[in-house]
Amino acid sequence: MKRESLTATLVLAVLAAAPIVTTLVGQDAFAQTKPKKKGAKPADSASAAPTDTAPPADTTPPAAPATSAAPETAPSASAKAELPNTPQEAASDNSNTEELKSTKYYFIGLRYRGNIVPQFLENLFVDDGATVYSNYIGVELDIRSEGHSTIPWIAYANYGFGDTLFHEKGKPDDPSNYSDVRSGLSAIYLGLDELWSSPIDEAHHWDFEYGFGVGIGVIFGTLNNDWVYLDPNGSLAGANGQHYTQCPSTAQPPTMQPVVNGVQENPCLNSFHNNSQDTKVNNYQEKNWFSGGSVPVIFPYIAFPDIGLRWKPIKQFESRLHMGFSLTGFWFGISGSYGLEKPSEGGSDTTESTKKAGGVLGARGML
């Protein structure tokens, strides 16, 4: 009875240990061939050796195929370098002057204006006179957006002219009603131009502009106003064919002066000028408003209309050729300004077409 219990226990122990042994030994233990018999041939022994040492058939693939991706990326990089660079060049094209909506552009530069006061305008107020030309030069800042320019500016104007003979309008043709005027006046203006533009060409290089300008100026300098007398050798010629010379003093001029009411006229005396309180002889300077005179100190600037052409050959430059009318007469002007807009770099651009071109280049670079 005890023997049967012992035998049963051993059988159960063998059955329980069999799976563990099978797991530890693996299939290789069962794949081995039987032990060599004594006196076996060497050839058989040599052929059996590979069977004993051969690794399992299911092995991990070598790492060599993983490195095969390197040759694929190298051609891709070279292909990217060989792609045409035209989209990049187009993006940085400085001659593309199209301006986007809702974007402000700034230009700073110089302006020049020539102002003409024709004699026929002067003759609305006085007789004789002459056409007067004056010069403006200034600095301007163009703030531009959606075809509209707001241009604040500061300018210097020179209203100087030489000896010019004027006759009081509606008065008798007597020497006492003539004057010799010489100007050394100047002004500094602060102003603002408002201009609208319409493109002329598809390349956005030319625009037709129209608008107006306003400002205020400070007048300074001297205005000489002297009485004159008849002088056949005088340098001042009147429209009546007579010649005149400015009065150097109140002394009696030559006897050729006209006789009025039995008295020879002396146009260099105050009594022949409505008893003027000021003796206007010997380069007399007219008084300004602050001194009770007639020379203005503050003068408005109004220009309307203001029309002309705007030329923008590249992003960083614009020029204008304009003309118009102002309180001081007809004018024409030219200006040139440097643009603060920078050319696009690194494939970024301000135009829709170049943005698309940059996107295509970026997509190619990712391939």
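Reader: Before I look at single residues, what does "buried" mean here?

Author: Buried means under 20% relative accessible area, and exposed means over 50%. Keep in mind that this is a predicted model. Now take Glu140. Its relative accessibility is 3%, so Glu140 counts as buried.

Reader: Where does Glu140 sit in the secondary structure?

Author: Glu140 lies in strand S3, residues 132–145.

Reader: Which side chains make polar contacts with the side chain of Glu140?

Author: One is the side chain of Arg111, at 2.9 Å. Another is the side chain of Ser337, at 3.3 Å. Look also at the wider surroundings. Beyond four places in sequence, the contacts of Glu140 include Phe107, Ile108, Gly109 and Leu110. Ile151, Pro152, Trp153 and Ser335 are also among them.

Reader: Step back to the whole chain. How many helices and strands are there?

Author: The protein has 7 helices and 14 strands. Of its 367 residues, 31% are buried. About 22700 Å² is exposed, and carbon and sulfur atoms supply 63% of that area.

Reader: What share of the contacts joins residues at least 24 apart?

Author: Count contacts between residues at least 6 apart in sequence. Of these, 62% join residues at least 24 apart.

Reader: Now the strands. Which way do S2 and S5 run relative to each other, parallel or antiparallel?

Author: Start with the order of pairing, then find a residue pair on each edge. S2 (residues 126–128) and S5 (residues 161–168) run antiparallel, joined by 3 bridges. Asp127 has His167 in S5 as its bridge partner.

Reader: What does S5 share with S6?

Author: S5 pairs with S6 (residues 178–199) in the antiparallel sense, over 5 bridges. Check two positions. Phe166 has Ser179 as its bridge partner in S6. Leu165 stands opposite Asp180 in S6.

Reader: How many bridges link S4 and S6?

Author: There are 11 bridges between S4 (residues 148–158) and S6, again antiparallel. Ile154 is matched with Leu190 in S6.

Reader: And how does S7 join S6?

Author: S6 and S7 (residues 206–230) run antiparallel and are joined by 21 bridges. Follow Leu190 across. Its bridge partner in S7 is Ile216. The two strands form a hairpin with 6 residues between them. In that turn, His204 has a positive phi of about 65 degrees.

Reader: Why look for clusters of nonpolar residues?

Author: In soluble globular proteins, nonpolar side chains tend to be buried together. Here the largest nonpolar core has 13 residues. Those with the most contacts inside it are Ala157, Tyr159, Ala187, Tyr189 and Ile219. The elements that give two or more residues to this core are S4, S6 and S12 (298–314).

Reader: What does Ala187 touch?

Author: Leave out residues up to four places away in sequence. Ala187 then touches Ala155, Tyr156, Ala157, Tyr159, Val218, Ile219 and Phe220. A second, separate core has 6 residues, including Tyr178, Val228, Leu230 and Tyr244.

Reader: Is Lys315 buried or exposed?

Author: Use the cut-off again. The relative accessible area of Lys315 is 1%, so Lys315 is buried. This lysine is in the loop between S12 and S13 (317–326).

Reader: What does the side chain of Lys315 reach?

Author: The side chain of Lys315 reaches the backbone oxygen of Asn96 at 2.9 Å. Compare sequence with space. Lys315 and Ser95 are 220 residues apart along the chain, yet their C-alpha atoms are separated by 6.4 Å.

Reader: Which backbone angles deserve a second look?

Author: Most residues other than glycine have a negative phi, and most peptide bonds are trans. Look for departures from that. The peptide bond from Phe304 to Pro305 is cis, with omega near 0 degrees. Pro305 is in strand S12.

Reader: Where do I find positive phi in the loop between S11 and S12?

Author: Check Asn274, which lies in the loop between S11 (263–264) and S12. Its phi is near 55 degrees, a positive value in a residue other than glycine. Asn282 is also in the loop between S11 and S12. Asn282 has a positive phi of about 55 degrees and is not a glycine.

Reader: Is Asn274 buried or exposed?

Author: Asn274 has a relative accessible area of 72%, so this residue is exposed.

Methods
Residues are numbered from 1 along each chain as its sequence is written. This is a predicted model: local features need pLDDT of at least 70, side-chain atom pairs count only at pLDDT 80 or more; totals for chains, interfaces and linings use all residues. Side-chain values use heavy atoms; hydrogens and water are left out. Helices (H or I, at least four residues) and strands (E, at least two) are DSSP runs, numbered from the N terminus. Buried means under 20% relative accessible area, exposed over 50%, partly exposed in between (1.4 Å probe, protein chains only). Contact means heavy atoms within 4.5 Å. Accessible areas come from the Shrake-Rupley method with a 1.4 Å probe; for residues, only the protein chains shown count as cover. A polar contact is a pair of N or O atoms within 3.5 Å; within protein, one must be able to donate a hydrogen and the other to accept it, and residues adjacent in sequence count only if both atoms are side-chain atoms. Two strands pair if DSSP finds at least two bridges between them. A nonpolar core is a set of buried Ala, Val, Leu, Ile, Met, Phe, Trp, Tyr and Cys residues joined through side-chain atoms within 4.5 Å.
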